[in-house]
Amino acid sequence: MKTAALLEARGLRKHFGPVRAVDGLDLSLERGRTLALVGESGCGKTTTAKLILRLEYPSSGQVLIDGEDVHTLQGRDLRRFRMRVQAVFQDPWSSLNPRKRVRSIVAEPLVINERLSRKEIDRKVDKVLRDVGMRPEQARNFPHEFSGGQRQRIAIASALISNPALVILDEPVSALDVSIRAQIMNLFKDLQSEYEVSYLLVAHDLGTTRYMADDIAVMYLGQIVEYSASEDLFENPKHPYTRALLSAVLPAHPDESREEIVLSGEIPSPLNPPAGCRFNPRCPENLGAICETAPPALRDGGVPRQFVACHLYPE
């Protein structure tokens, strides 16, 4: 049975022995939209992305694409999944094979998963290179002959050549020079419209997410603590952790005043996460016993498409 959402995660868990990297995660992404998954390093964002890409298998729970559990796919269905779900990673240098020419790198998803003539593959490679701002004749070169921004464009071309429904963007601009980050973000937005693709953006930079994302899910210690439409989250964040993250973002204008929230202590170990709300040892608004003993569920945050897991907002 097909569902309205392109991507769904239901009760997703990934434990590495006693380490609870992802611990009961639910999310959904509709077609043509961008969902950002944000949080501090070690909160489980990249592990979640790997579970969706089938680079890791869940300890429990499901990842569904169009209602199909991706971890049960085999044969033709698995090859179709590989075409429909692609990724662009943080470092374009390490994600490109230095021994292959650009044409081979970009064409690889088609060569592996489709039976096309050399002429048809070359036509598709030329088109996607133009779409990402490269010249087709540059396909003869090797990755080391390009700048970081150009290498990221090559990685984007390789992800899009199979016309995927979903592309995972894992910190796609954080390794690039500040001067070209805006170019690549604009490129992602232009290509989303042209290719009718959905993005799951994994990031810690909330400035990037505000520009690119329609919706934002905030993660802390393997769980989602707030989910909201992007503008609602920036205008009216609910969870104390979200407010702390936003207080660290540089303001859009130098005259803009913003409350500075400094969190006490370190992120607890996923080996032994705190009881109750996992944020309670660092929370400036800790309510005491209820926060320290009762895990809060995601509940309505007061506006459409906004949910928060915090005892400050009772049922």
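# Rings, burial and empty space

Tutor: A cluster formed by ring pairs takes in Tyr 220, Tyr 241 and Phe 279. Rings of Phe, Tyr and Trp (its six-membered ring) pair if their centres lie within 6.5 Å; planes under 30 degrees apart are stacked, over 60 edge-to-face, and the rest tilted. The model is predicted, so local features need pLDDT of at least 70 and side-chain atom pairs count only at pLDDT 80 or more, while totals for chains, interfaces and linings use all residues. Residues are numbered from 1 along each chain as its sequence is written, and side-chain values use heavy atoms, leaving out hydrogens and water.

Student: How many aromatic pairs does the structure hold?

Tutor: A pair of aromatic rings is described by the distance of the centres and the angle of the planes. The structure holds five such pairs. In one of them, Tyr 220 and Phe 279 meet edge-to-face, at 5.2 Å centre to centre with 85° between the planes.

Student: Where in the chain do Tyr 220 and Phe 279 lie?

Tutor: They link distant parts of the chain, 59 residues apart. Tyr 220 belongs to strand E9 (residues 215–220), and Phe 279 to the loop between helix H9 (240–247) and helix H10 (289–293). Helices (H or I, at least four residues) and strands (E, at least two) are DSSP runs, numbered from the N terminus.

Student: Is Tyr 220 buried or exposed?

Tutor: Buried means under 20% relative accessible area, exposed over 50%, and partly exposed in between (1.4 Å probe, protein chains only). Tyr 220 has a relative accessible area of 3%, so it is buried. Phe 279 is also buried, because its relative accessibility is 1%. Just after E9, in the loop between E9 and strand E10 (223–229), comes Leu 221. Leu 221 is buried at 5% relative accessibility, and its phi is positive, about 50°, although it is not a glycine.

Student: Which residues line the largest cavity?

Tutor: Rolling a probe the size of a water molecule over the atoms shows where empty space is left. On a 1 Å grid over the protein atoms alone, a cavity is a set of points where a 1.4 Å probe fits but cannot get out; a pocket is an open set with protein on both sides within 12 Å along at least five of seven lines; lining residues have an atom within 4 Å of a point. Grid points are joined across faces, edges and corners, and a volume is the space filled by probe spheres set on the points. The count here is two cavities of 30 Å³ or more. The largest has about 80 Å³ of space, and its lining includes Phe 279, along with His 239, Cys 277, Cys 283, Cys 291 and Cys 310.

Student: What is the second largest cavity's volume?

Tutor: About 60 Å³. The residues around the second largest cavity are Ile 65, Glu 68, Leu 73, Asp 77, Arg 80, Phe 81 and Arg 84. Helix H2 gives the most to this lining, with four residues.

Student: What is the volume of the second largest pocket?

Tutor: The second largest pocket has a volume of about 600 Å³. Its lining has 20 residues, and the closest to its centre are Gln 86, Ala 87, Phe 89, Pro 109 and Ser 158. Two or more residues come from each of helix H2 (75–84), E6, helix H3 (102–113) and helix H5 (148–160). H3 gives the largest share, five residues.

Student: What does Gln 86 touch?

Tutor: Contact means heavy atoms within 4.5 Å. Leaving out residues up to four places away in sequence, Gln 86 touches nine sites' worth of neighbours, among them Leu 53, Pro 109, Ser 158 and Ile 168. Gln 86 sits in strand E6 (residues 85–88) and is buried, with a relative accessible area of 13%.

Student: Which residues of H3 are buried?

Tutor: An α-helix has 3.6 residues a turn, so residues three or four places apart point the same way. In H3 the buried residues are Val 102, Ile 105, Val 106, Ala 107, Pro 109, Leu 110 and Asn 113. H2, E6, helix H4 (118–131) and H5 are among what covers them.

Student: Is Asn 163 buried, exposed or partly exposed?

Tutor: Asn 163 counts as partly exposed, because its relative accessibility is 48%. It lies in the loop between H5 and strand E7 (166–170), and its phi is positive, near 50°. Tyr 195 touches Asn 163, as well as Lys 127, Val 128, Asp 131 and Leu 160, again leaving out residues up to four places away in sequence.
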